[in-house]
Amino acid sequence: MKRSFWHRLDLLARHVVPVLLAFALVLLSTVPLRVPLLNLVFPALALVSIYYWTLYRPDLMPPAAAFAIGLADDVLSGAPFGVNALVFVLIHAAVNTQRGFFLGKSFAIVWLGFALLAGAAFTIAWLAVSAFYGLLVNGTGALLQAGTTIGCLPLIWRLLVQCHLRIVGQA
Amino acid sequence: MWNAWKLLATWLTYGVLVLAAGAAMLLGKADAVLVERLRVQVADVVAPILESVSRPVDRAADVVASSRRLVDLVEENSALRQEREHLLQWQAVAQRLEAENAQLRDLLKLVAEPEARFVAARVVADPGGAYAHSLLVNTGRRDGVEKGQIVLTGEGLVGRIAASANRVSRVLLISDLNSRVPVAVGEGRARAILAGDNSVYPRLIHLDPDETIASGDQVVTSGITDAFPPGLPVGTVVSVQHGDVRVAPFVKQSRVEFVRVVDHRLPALIDDFLAGRTETPILPPLQLPAAANAQLSASAPAEAQAEGTAAPPTVVPLPVPRPGDRIRP
């Protein structure tokens, strides 16, 4: 069946949603929230987004997109250039190779998997930043941020599932 | 066979991207200026989006804050009355010192201080994150904001401009890992460097071990280098443990909504010095904006005016007194 031009355009628009959403989440995490300390430990929503789409629609979240999202995060957050790009690509690779294990498992398992990956992600980021500055940087903020990111997963997960079902659609 | 090629291609992609990330980090290390310029250029592009998103958030935060204030209005009122009494005493002290300062300046025939220029700006992004403490403000090169200018609020020092694009600038906060501010601590004015380490409380380093520092000591800029004019309030010492001295900045990052970017024009002064027009390089004290000066002189006590010790045209700010400070006339 040959698809019409408009149909293809509609499909394309739906298919860029995961990557656009991740960029929007990067932007959102820089908005001043006026709540003491919240901005310092604000969850890494883009990481959750990359985890979700790599798991369920890897065709719409290619490794290059993860790299670009990480780079955008570095540019806007002021973190050492390239650190989040590195972390997001590594996380993408890890999720991509373990997809077979996670698919069809209960939410608790998926959450636990994310907790392990997020732990690894923040450790890698901390090591990379320490290597960048040539000293062991204070990791308290990163630890708290890992905690908030893992803790808020169920909330953002609902949003992503709704977005997946209503806008992006199944493969 | 096809699957094997696909797998190989995927891993090659990962390899290339990891190398690219490494290259980006090396670039950031080798040419920090280039990366900083890239950051503000990108921020310049997304500034309109950030601004439109941050406004409703600000409004919501204001509504929450004002409803919270309504609850403890009576308590706050009495606290404010007390503080007002306290500040009036300080005002009298400040005016006396200011007059004395003016007379001493006159005696010493000090050269006129260069004008400090202010630009007010709104915070449009607070990127936070564990590895960088910075803010984006909606003022840039078109308003004359340049790298190195200092950023203040009424409470004290916020940081410095790390880079400026046309419409936005990035402010490096004093708590950032890359921030170093020469400061003077306590009444003994012990010299030290306030070094950010990405925690909420920056550390004091290069402190003379013989100096006695105690919790509650005020920290102000010392003006030792040309980066900051002297006397700007920075914070108070919160903990002294085994040589690890921590400072709580007066300005809380999350509460900053508006800032002043100050061009204290020190390079011009140094140029003057090098050209032999000034005998000694004088660090210019910061001046309050004209409106604040007018307000100060309008509220000056009548007897001070009668004695002819009315406020001179410039006001040198003293470290901001905090509630509970002792006043020593």
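Patches are made of residues with over 30% relative accessible area and no salt bridge (a side-chain nitrogen of Lys or Arg within 4 Å of a carboxyl oxygen of Asp or Glu); nonpolar side chains (Val, Leu, Ile, Met, Phe, Trp, Tyr) are joined within 5 Å, like charges within 9 Å. Accessible areas come from the Shrake-Rupley method with a 1.4 Å probe, and for residues only the protein chains shown count as cover.

This is a predicted model, where local features need pLDDT (the predictor's confidence in each residue, from 0 to 100) of at least 70, side-chain atom pairs count only at 80 or more, and totals for chains, interfaces and linings use all residues. Residues are numbered from 1 along each chain, chains are lettered from A as written, and side-chain values use heavy atoms, without hydrogens or water.

**Exercise 1.** Find the residues that make the nonpolar surface patch of about 650 Å².

*Solution.* Start with Phe5(A), Trp6(A) and Leu9(A), then add Leu12(A), Val16(A) and Leu20(A). Next, look at helix 1 (residues 5-15) of chain A, a DSSP run of H or I with at least four residues: this helix gives the most to the patch, four residues. Trp6(A) lies in that helix and is exposed (over 50%; buried is under 20%, partly exposed in between), at 62% relative accessible area.

**Exercise 2.** Describe the interface of chain A and chain B.

*Solution.* Count contacts (heavy atoms within 4.5 Å): 46 residues of chain A touch 47 of chain B. Then take the buried area, the accessible area lost on being put together, summed over both parts: about 4000 Å², with 70% from carbon and sulfur atoms. In chain A, Arg34(A), Leu40(A) and Phe81(A) lose the most area to chain B. Finally, check for salt bridges across the interface: the rule finds zero.

Key: Helix = DSSP H or I, 4+ residues; strand = E, 2+ residues; numbered from the N terminus. Buried < 20%, exposed > 50% of the residue type's maximum accessible area, 1.4 Å probe, protein only. Buried area = accessible area lost by both parts, 1.4 Å probe.
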